[in-house]
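Got your viewer open? Load the model, pick a plain cartoon, and follow along.

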Amino acid sequence: MPKKLVYILIFFVGNRMFCQTHTVDGAMQYRLAPYGKDIDFYDLNLDVNYTLEHSKFKITNGIAYSVLNINYNTNTPFVAESLNRFYNFSYGIQVDYYVTDSWGLGAILKAGLYSNFIDAISKDDVLVTGDFYAKKSWQDAYVAFGVSYNVVFGQPEWTPVFKFYKALNDHVAFYVGFPESQVHYKFNQKHALFVNLEQEGGYYNVSDYYNNSAALSSLNAHFTYQYGLDHNWAINLKAGYMFNTKYQLLDASDSAVYNFNITDQPFISAGLTFKMNTKNK
């Protein structure tokens, strides 16, 4: 047998001797924002992730699909039919490496198609984003910090990322940072409440002759109630408000050619989550 193949077999068989955790999780979320001055919208998000955690690393692979539907409540100086629906099909991988018991490094790479898909798929529909960060852990807390190339403000750009997490007891935990902060209260195994503040954005290629892309962003504050159906399944109900919402149509150089006058507006959301863990030695 070739030596290279022997080494590969030893590597995989040897890894099986150490404890590994396999996690499969997924989520479906439907959101409705019906009271906008210029636009109303609803969106559907689906994602599935597979995580393998070893003593020195954790790798998560994920696929996601979303569709954003927009209704226009105002007259526009252009035909908006091609701007009624935007799609996202994406794949992401996250790798965390534990340098020591308390220090780690991580990276996220995500690539997908973001477009209204009026015409054939092209390179303009492809968007790649990513994060690189370091993490310092304590017994019941950690801090993570780094840089990210993302669309939380609408257009792709570099931003800092930061997160400080602290568990106060078995029921209460919180984290503060950018682009999201949260307070989490767990009543028992079935009932939990979350309070979130997050910056959210989207960037899509527009396949028509009017514009080259569309950029959306908002600051969202919301409450979420989660009810656990069993050890694997949970449902959630969410209510919140969108602040500083921006929706722009951009030209080839990502300069705004049209701004919608969008007022702050409430939204409601409902979702279903699934999570299953297995271990092998």
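How much area does the chain expose, and what share of it do carbon and sulfur atoms supply? The exposed area is about 16300 Å², with 63% of it coming from carbon and sulfur. Keep in mind that this is a predicted model.

Stay with the whole chain for a moment. Colour by secondary structure and you'll see one helix and 15 strands. The C-alpha trace spans about 65 × 55 × 30 Å along its principal axes. Of the 281 residues, 38% are buried. Looking at contacts between residues at least 6 apart in sequence, 53% of them join residues at least 24 apart.

Now colour by charge. There are 21 positive and 24 negative charges, and their mean positions lie 14 Å apart.

Next, show the aromatic rings, which give 18 aromatic pairs. Select Y247 and F260: they make a stacked pair, 4.5 Å centre to centre with 10 degrees between the planes. Y247 belongs to strand 13 (residues 233-250), while F260 sits in the loop between strand 14 (256-259) and strand 15 (265-280), so the partners are 13 residues apart. Try a surface on this spot too: Y247 and F260 are both buried.

Then pick Y65, Y87, F89 and F117 together, as these form one aromatic cluster.

Last stop: charges over rings. Select R31 and F267, where the charged end of R31 sits over the ring of F267 at 5.6 Å from its centre. Then go to K163, which lies over the face of Y175, 4.2 Å from the ring centre.

Definitions and conventions: Residues numbered from 1 in each chain as written. Predicted model: local features only at pLDDT ≥ 70, side-chain atom pairs only at ≥ 80, totals over all residues. Heavy atoms only, no water. Phe/Tyr/Trp six-rings, centres within 6.5 Å; stacked < 30°, edge-to-face > 60°. Helix = DSSP H or I, 4+ residues; strand = E, 2+ residues; numbered from the N terminus. Buried < 20%, exposed > 50% of the residue type's maximum accessible area, 1.4 Å probe, protein only. Lys NZ or Arg CZ within 6 Å of the ring centre and 35° of its normal. Contact = heavy atoms within 4.5 Å. Areas by Shrake-Rupley, 256 points an atom, 1.4 Å probe, with all protein chains shown as cover. Lys, Arg positive; Asp, Glu negative; His and termini not counted. Charge placed at Lys NZ, Arg CZ, Asp CG, Glu CD.
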